[in-house]
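This report introduces the interior of a protein chain to a reader who has not met it before. It turns to pockets, cavities, domains and cores in succession.

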Amino acid sequence: MKRVRILVFNAALGVLDYRVPEGMAIEFGSVVVAPLGPRQVLGIVWEPQRLNTQEVPESKLRPLLEVMPVPPLPERLRRLIEWTADYYCASLSSVARMALGSMAALRGGGTTTEYRLTGQEPARLTPQRAAALDALQGEQASIKELAELASVSDGVLRGMVGAGLLEPVVVDLDRPYARARPEHAQPMLSDGQQEAADIFVEAVRADAFAPFLLDGVTGSGKTETYFEAVAEALRRGRQILVLLPEIALTENFLRRFEHRFGVPPILWHSSLKSSERRRAWRAIVAGEAQVVVGARSALFLPYARLGLIVVDEAHEVSFKQDDGVRYNARDVAVMRAKFEGIPVVLASATPALESMQLAEAGVYRKVDLPSRFGGAQLPDIQILDLRQEPPERGKWLAPRLVEEMKARLARGEQSLLFLNRRGYAPLTLCRHCGYRFQCPNCTAWLVEHRFSQRLACHHCGHEVPVPAACPECGTGDCLVACGPGVERIADEVAEILPEARVALVTSDTMNTAEAVGEFVAKAEGKAIDVIVGTQLVTKGYHFPDLTLVGVVDADLGLEGGDLRAAERTYQQVAQVAGRAGRGEKPGEVLIQTRHPEASVISALAAGDRDAFYAAETEARRDAGAPPFGRWAAIIVSSEDQSEAKAAARAIGGTAPNHPDMLVLGPAPAPLSLLRGRHRFRLLINARRSAELQKTLREWLEPLQFPRGVRVNIDIDPYSFV
Ligand code: ADP
Ligand code: ZN
């Protein structure tokens, strides 16, 4: 190649042409450094005909500076990147960026220095050093990362190095990972599991694109089953990617994986420390990382020999990314498998309607695990009508639920209360003047957190201490909490069952792997009687002595009027119900509701999943909603409200008159102020036959907006705020 076109990691610059200097070996996919004015930019060499820009005359071309010492991005990954950018109306460079690790990973090789405590016990300590000693037990990382962990300055830690409290450790960045052993601890599968496992193993052997929907009830052993496919891919020297919806779930997964394969898998997520990120990325690219477990960002990495993808809890909404490139990792995983020519397994006890539909249409092969492993029965689900059996005034748990919890405690069994709301109370107001605490940056109330004694915005993170007096009228001691959050439920439990040991499980309390590990160990060791949690407790856990699940407010999710509200409620309640009765003792579920007649609630109570899917399918068909029609959102935002409004109007005013597309809005978004930006939305409802993305591009590309205005396109949106 004499001249090349490269994709640079800056959407504004996009695509640039360069000359290849004599002797530099370049292929499509090579990662290169190029000069740009006085600066240097990183880019990927791309097929020029696939990037439409104007040809730059030969005489103006500047030479590339360097090729990075990493294998070129494979063609099948380049095609996936193009597909993703095209489908989600995102820039190629923003998608391509997700394939690369850090700059350091690209340079590779060598060593880095990390620090750890020496174990010395000094006689006297400054408070900062004492705090650092406390926070850094068992940690090893760079000074910068340790400083963040301990919330002290780099200087404090450097001082501790000088004083012999911290010592340097030289870390080999390319040290190999221990090998997973496919035969380490093979389980005895049940007949049903074996049948399913055989299908997956066969698909791994066939080494061709094959999408599966593994539809197994909670506790059926989906993990054990797809582990057999993982084992087969390992035997064949292929790499495996397992996507999990949230990192809080991985702790549990890691333990099971290690038990099955003898070593932990390789993790990929946003909070990896830099040396681990670098090491993992290089092992992935070299084909040496065997099994990678990650959040959705692991999907775009340049695996050298990918042989299998598993998306666990595939129905989870957190697979949909809601900023940057707004992609759905579940759907892109299937596309990646297609480009790679490999099997992909979507596993869930409550598959998304879209996935069910694709299985019904024969696009996905459905593999069922209809019963629980080891003969455990699915729990008995009952409705608790709050209008008939109300809780006491100022309380949230109805008498029948309380009685059942008392009975569990007396028998030494565990209960779980689920409420998908963090904090103590979702709204705080002044009894005297009615003042309500609102976030200054968002259209949202501040949520009281009693543990931290703060009022916090769950959208932007804005926080203030709970004041002693009302900021509006100045009256002291007049603030009232309205409505329950999990912290308030935990208080109520402490009041009714003072002897019970209560664990609170929310993202505020389970924010480290250690915290999760400690919780699991305690729950398994029966050192916890009652678990109170948000959606974090709905999946993944297996506590054999947990025999009662109480859903504190099943109506909560139905209020938003969101397209998927019923489906989400169904999934959450079915998942949390699935935590009960997983061992030998049968489980019972009480669903507190004011709308027992709602079709999702009655389907849950009847255990009639088919009825739920049938009703939901009809509702979606009537609304032209996915999978029958498609939605897209255009979100226009600016710090200046009138600017945002004008831009949204300009977009609305030029909406194409398309017979297969209906444009709604612009209207202020339900969250009309978010992180200080004013937001307006347009919603597009299109028939499947409409060329939605093409129409959107042709509509929006010619429009010009002031600099402060952002226009985001969300294809197949999950969030309607
Ligand atoms: P699911 O993910 O389908 O809800 P899990 O994979 O969590 O179910 O399995 C439920 C429990 O049963 C787990 O504790 C798992 O280890 C156990 N289990 C499932 N299958 C087997 C098996 N074949 N042998 C031993 N234990 C199993
Ligand atoms: Zn806010």
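Helices and strands are here DSSP runs numbered from the N terminus, a helix having at least four residues and a strand at least two. The model described is a predicted one.

**The second largest pocket**

Helix H9 gives five residues to the lining of the second largest pocket, the largest share. This pocket has a volume of about 1300 Å³. Its lining comprises 39 residues, and those nearest its centre are Leu267, His269, Ser271, Leu272 and Ala513. Two or more lining residues come from each of helix H5 (143-150), helix H9 (250-261), strand S10 (266-268), helix H10 (274-286) and helix H15 (513-524). By class, the lining holds 20 nonpolar, 10 polar and nine charged residues.

**Domains**

The chain is divided into domain 1 (3-99), domain 2 (111-117 + 125-172), domain 3 (191-374), domain 4 (376-421 + 484-617) and domain 5 (629-715). Between the C-alpha centres of domain 1 and domain 2 there are 40 Å.

**Cavities**

Two cavities of 30 Å³ or more are counted. Their volumes and the classes of their lining residues are set out below.

| Cavity | Volume | Lining residues by class |
|---|---|---|
| Largest cavity | about 50 Å³ | three nonpolar, two polar, four charged |
| Second largest cavity | about 40 Å³ | seven nonpolar, no polar, one charged |

Around the largest cavity stand His315, Val317, Ala352, Glu354, Arg564, Glu567, Arg568, Gln571 and Tyr718. Helix H16 (residues 565-577) gives the most to this lining, with three residues. Where does the largest cavity lie with respect to domain 3 and domain 4? Domain 3 (191-374) and domain 4 (376-421 + 484-617) both give residues to its lining, so the largest cavity lies between them.

The second largest cavity is lined by Leu416, Phe519, Ile531, Val537, Tyr541, Phe543, Leu546 and Arg579.

**Nonpolar cores**

Phe519, one of the residues that line the second largest cavity, also belongs to the largest nonpolar core, which has 123 residues. Within that core, Phe519 and Leu696 touch the most other members. Which residues is Leu696 in contact with, leaving aside its neighbours within four places in sequence? They are Cys89, Ala632, Ile634, Ile684, Ile713 and Ile715. There is also a second, separate core of 30 residues, with Ala180, Ala231, Val367 and Leu369 among them.

Technical notes
Residues are numbered from 1 along each chain as its sequence is written. Chains are lettered from A and ligands numbered from 1 in the order in which they are written. This is a predicted model: local features need pLDDT of at least 70, side-chain atom pairs count only at pLDDT 80 or more; totals for chains, interfaces and linings use all residues. Side-chain values use heavy atoms; hydrogens and water are left out. A nonpolar core is a set of buried Ala, Val, Leu, Ile, Met, Phe, Trp, Tyr and Cys residues joined through side-chain atoms within 4.5 Å. Buried means under 20% relative accessible area, exposed over 50%, partly exposed in between (1.4 Å probe, protein chains only). Contact means heavy atoms within 4.5 Å. On a 1 Å grid over the protein atoms alone, a cavity is a set of points where a 1.4 Å probe fits but cannot get out, and a pocket is an open set with protein on both sides within 12 Å along at least five of seven lines; lining residues have an atom within 4 Å of a point. Grid points are joined across faces, edges and corners, and a volume is the space filled by probe spheres set on the points. Ala, Val, Leu, Ile, Met, Phe, Trp, Tyr, Cys and Pro count as nonpolar, Asp, Glu, Lys and Arg as charged, and the others, Gly among them, as polar. Domain bounds come from an automatic or database domain assignment.
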